[in-house]
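User: I am new to this structure and would like a close look at one part. Please keep it brisk, and then connect that part to the rest.

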Number of protein chains: 2
Amino acid sequence: MNDSGLRDRKKQQTRAALTEAALRLVDERGLDAVTVEDISAAADVSPRTFFNYFATKDEALIGDHTADDAAMRARFLAADPSLSVIEALLLAAEPVVAAIEQDREIWRRRIRVMTDNPQLVAGMMTRSARSEHDLIVAIASRVGVAPESGWPLLAAFVTGAAVRSALLTWAKTDSPRTFADHVHEAFGALAAGLPDPSKPDPSKDVR
Amino acid sequence: MNDSGLRDRKKQQTRAALTEAALRLVDERGLDAVTVEDISAAADVSPRTFFNYFATKDEALIGDHTADDAAMRARFLAADPSLSVIEALLLAAEPVVAAIEQDREIWRRRIRVMTDNPQLVAGMMTRSARSEHDLIVAIASRVGVAPESGWPLLAAFVTGAAVRSALLTWAKTDSPRTFADHVHEAFGALAAGLPDPSKPDPSKDVR
DNA sequence: ATAAAAGTTTGCAGCGACTGCATGTTGGTC
DNA sequence: GACCAACATGCAGTCGCTGCAAACTTTTAT
């Protein structure tokens, strides 16, 4: 897929230029005040070309994470059977978390843009709807219940919510705490049954 | 607001006719194969009028639940301080759950439409983004932590995920179990730390 | 080196969602 | 019955997005 010929390098550059222009312009002016034409002009391609790279305007801002989803599901399925489902999901998510951690500044901007324009959050979830279904099937088979029984759906939704919550909190803070740290804290709180934080409990980590 | 004069009754009728037509047509043909013009024609109003009632095509399918959100937040704030946050959230959600339970057939169709067209699920969450923020502030003040600390966000996301999960599971099953039952089960699993369901544990209810 | 093949960019025409504005209708009020 | 406010409608226009075909560029085969 990445044969790094001239042709392929140009495509990567164009894609990156479009994403960068889209994020910058929307961050500056707001989603509605930026047209696809604006973004294309800033990246020096025709508006029609924009849609050769992204199916929607939103996609240029959000990115495509289906590959991450598939890899995560594979790791989940390969996880040690002695782990609980939550532990296995946390383990499976770790490389994705690490990858995001590397791009902190991009993600900070992306998340600023997303919180300013909530429909983007929604768009991101829509795009991962198919992968989510596959994950639910995987969870169901791991614990040996029917996919429609409700439990796999609950587990997928809830852990997804925990990751999103950690992502938002991490992206907005100025503290040097890592994203992985936030994710572990969230999963720890989940595994502990989401106790009220009134009395701080040092043993909050799932591992 | 509901003065039930002739004028107001007509408005309610038009709104109901548009919603019904939208759900039915989209259920039959799929979201992309139904235009606003189709829906308007089926409800016997002009396309322009459609947009006097709904800001987007999606909204006609999803409905407006901001009033529910506000009422739920009010009940949460009024809940007995001895309850944990999850218990208080469950309590606050109960009337909404009961209301949905009354409209089972509409909700089954709505959810069928939503699962066939995932962008609608996303749209529903987008529309409640503002209320969600208010809820986070309420949660933060109840447990006495800063709204940005992460915990209130986690609690709001996770309980939202539990409700959505229960809603989907209930809408798709043919068993006579009530929606409230599904919600209680989901909250019970949450409070128990989402244990693997391998070994059934009879004490799963939060109450 | 050159021509054919394959992949990419672009313009164009067109649909459908959605909005602002101006105008016509209808229900409520005195 | 006359007046006002609310509501419905038509119209013109913007923008997101798509299919199609022509022009162009890189790769491949000769």
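User: Which helices of chain A and chain B each supply at least two residues of the surface near DNA strand C?

Analyst: This is a predicted model, so what follows describes a prediction. Chain A supplies α1 and α3 to the surface near DNA strand C. Chain B supplies α1, α2 (36-43) and α3. Each of these helices gives at least two residues.

Now the residues themselves. There are 19 residues around DNA strand C. The nearest are A:Val45, A:Ser46, A:Thr49, B:Gly5 and B:Thr56. Both chains are thus named in that list. By class, the surface near DNA strand C has five nonpolar, seven polar and seven charged residues.

Next, the other strand. DNA strand D also has 19 residues around it. Here A:Gly5, A:Thr56, A:Lys57, B:Ser46 and B:Thr49 come nearest. On this surface chain A supplies α1 (6-29), α2 (36-43) and α3 (47-53), each with at least two residues. Chain B supplies α1 (6-29) and α3 (47-53), again with at least two residues each. The surface near DNA strand D divides into five nonpolar, seven polar and seven charged residues.

Compare the helix lists. Near DNA strand C, α2 comes from chain B. Near DNA strand D, α2 comes from chain A. The relation between the two chains is worth a look here. Chain A superposes on chain B by a rotation of 180°, with 0.0 Å of shift along the axis. The RMSD is 0.0 Å. That is the relation of a two-fold axis.

How do the chains meet? In chain A, 40 residues are in contact with 40 residues of chain B. Five helices of chain A each supply at least two residues of the side that touches chain B. They are α6 (85-102), α8 (119-127), α9 (129-143), α10 (151-172) and α11 (179-191). Of these, α10(A) gives the most, with 14 residues. The side of chain A that touches chain B has 24 nonpolar, 12 polar and four charged residues. Of the interface residues of chain A, 100% are also interface residues in chain B, so the copies meet through the same surface.

One pair in this interface shows the meeting in detail. The axes of α8(A) and α8 (residues 119-127) of chain B come within 8 Å. They cross at roughly 150°. That makes α8(A) roughly antiparallel to α8(B). The crossing is right-handed. From α8(A) come A:Gln119, A:Ala122, A:Gly123, A:Met125 and A:Thr126. They meet B:Gln119, B:Ala122, B:Gly123, B:Met125 and B:Thr126 in α8(B). The residues of this contact divide into four nonpolar, six polar and no charged.

Two other helices on that side of chain A, α6 and α11, also pack within the chain. The angle between α6(A) and α11(A) is about 160°, and their axes lie 9 Å apart. That makes α6(A) roughly antiparallel to α11(A). Their crossing is right-handed. On α6(A), the contact residues are A:Ile86, A:Leu90, A:Ala93, A:Val97, A:Ala98, A:Ile100 and A:Glu101. They meet A:Phe179, A:Ala180, A:Val183, A:Phe187, A:Leu190 and A:Ala191 of α11(A). By class, this contact has 12 nonpolar residues, no polar and one charged.

Chain B has its own α6 and α11 contact. Helix α6 (residues 85-102) of chain B packs with helix α11 (residues 179-191) of chain B at about 160°, with axes 9 Å apart. That makes α6(B) roughly antiparallel to α11(B). Here too, α6(B) passes α11(B) in a right-handed crossing. The contact includes B:Ile86, B:Leu90 and B:Ala93 of α6(B), with B:Phe179, B:Ala180 and B:Val183 among those of α11(B). The residues divide into 12 nonpolar, no polar and one charged.

Finally, the whole chain. Chain A has 11 helices and zero strands. Along the sequence its pattern is α-α-α-α-α-α-α-α-α-α-α. Its C-alpha atoms fill a box of roughly 50 × 35 × 30 Å, taken along the principal axes. To return to the part you asked about: α1 and α3 of chain A, with α1, α2 and α3 of chain B, each supply at least two residues near DNA strand C.

Key: Residues numbered from 1 in each chain as written. Chains lettered and ligands numbered in written order. Predicted model: local features only at pLDDT ≥ 70, side-chain atom pairs only at ≥ 80, totals over all residues. Contact = placed C-beta atoms within 7 Å. Helix = DSSP H or I, 4+ residues; strand = E, 2+ residues; numbered from the N terminus. Nonpolar A, V, L, I, M, F, W, Y, C, P; charged D, E, K, R; others polar. Axes fitted to C-alpha atoms, helices over the stretch in contact; angles between N-to-C directions. Parallel < 35°, antiparallel > 145°, perpendicular 65-115°, else oblique. Left-handed = near helix turned anticlockwise from the far one by under 90°. Near = placed C-beta within 6 Å. Least-squares fit on C-alpha atoms with pLDDT ≥ 70 in both.
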